[in-house]
Amino acid sequence: MHIIANWKMNGTRASAKAWAETVSKSGAVQSKVNAVLCPPAVIIRDAASAAGSHLAIGAQDCHHEPKGAYTGELSAPMLQEEGASYVILGHSERRLFCHELCDLVNKKAVAASKAGLTPIICIGETLEEREKGETLSTIRRQLEYSLPKEVSDYIIAYEPVWAIGTGKTPTLENIAEVHATIEEVVRVHQLTGDTSTPVVYGGSVNPANAASILALPQVHGALVGGASLEAASFIAICEAASGVVS
Ligand code: PGA
């Protein structure tokens, strides 16, 4: 079960160090949960040096080329060298504010994987798509174009855009239905028949709703934004997760 903290553009070196030390000591993190902290890239090294062996560090984006004339960008090998072992790709905020499309997310996932980072590929429908009854077709389309053919070691994060930072979540039935669809598409895409790709849910996960969402058999973890900033609430979510891991 992966519980991933997405700090977005928040945090300082000091807060990341303190958070990583506290979370690393949590019993839930030390036993059953794969905890990952994705802080801003400039804090990765500090977070990694404060993290115990049960807390992994991730980045929030990477470029699709390993190096070159791309002013302001960071490559996957650079992030790996700083101490990252995961990278969030195609988050809806990057799709919206940076105009990232699925084919770019796909290339980034290949680059990340080549550098030894596990991609966390984000997909999710907008409110408009949901209201038009297009949730599952949107998910299928995003998966078709975002998932690389040549890589199979990744995590998929289902994050309904309208649930991010809003305090709203889909019903448990809705979450289960979308995750089951994702699993089915991945099985066909990878031509393996195997279902080992973790599919995590993100969007307003908090200590109060985590246990019921994570208890769904189709949900293999959570990507947590706002409720991950405080170590105590992130640990509470990890404890909820460890309660449902056998
Ligand atoms: P949220 O963000 O938990 O604040 O809704 C989740 C995310 O954007 O990954």
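This passage describes the strand barrel of a predicted model, with attention to strand 5.

In this predicted model, local features require pLDDT of at least 70 and side-chain atom pairs count only at pLDDT 80 or more, whereas totals for chains, interfaces and linings use all residues. Residues are numbered from 1 along each chain as its sequence is written, and side-chain values use heavy atoms, with hydrogens and water left out.

Eight strands close into a barrel in the order 1-2-3-4-5-6-7-8, with parallel pairing. The twist averages 25 degrees from one strand to the next. Helices (H or I, at least four residues) and strands (E, at least two) are DSSP runs numbered from the N terminus, and two strands pair if DSSP finds at least two bridges between them.

Strand 5 comprises residues 118–123. Strand 4 (residues 86–89) pairs with strand 5 in the parallel sense over four bridges; Thr-118 is the bridge partner of Tyr-86, and Ile-121 stands opposite Leu-89. Strand 5 also runs parallel to strand 6 (residues 155–158), to which four bridges join it. Here Ile-121 stands opposite Ile-156.

In a regular strand the side chains alternate between the two faces of the sheet. In strand 5, Thr-118, Ile-120 and Cys-122 lie on one side and Pro-119, Ile-121 and Ile-123 on the other, and all are buried (under 20% relative accessible area, with a 1.4 Å probe and protein chains only).

Helix 6 (residues 102–114) lies across strand 4 and strand 5, running at about 175 degrees to strand 4. Axes are lines fitted to C-alpha atoms, for helices over the stretch in contact (heavy atoms within 4.5 Å), and angles run from 0 to 180 degrees between N-to-C directions.

Methods:
Buried < 20%, exposed > 50% of the residue type's maximum accessible area, 1.4 Å probe, protein only.
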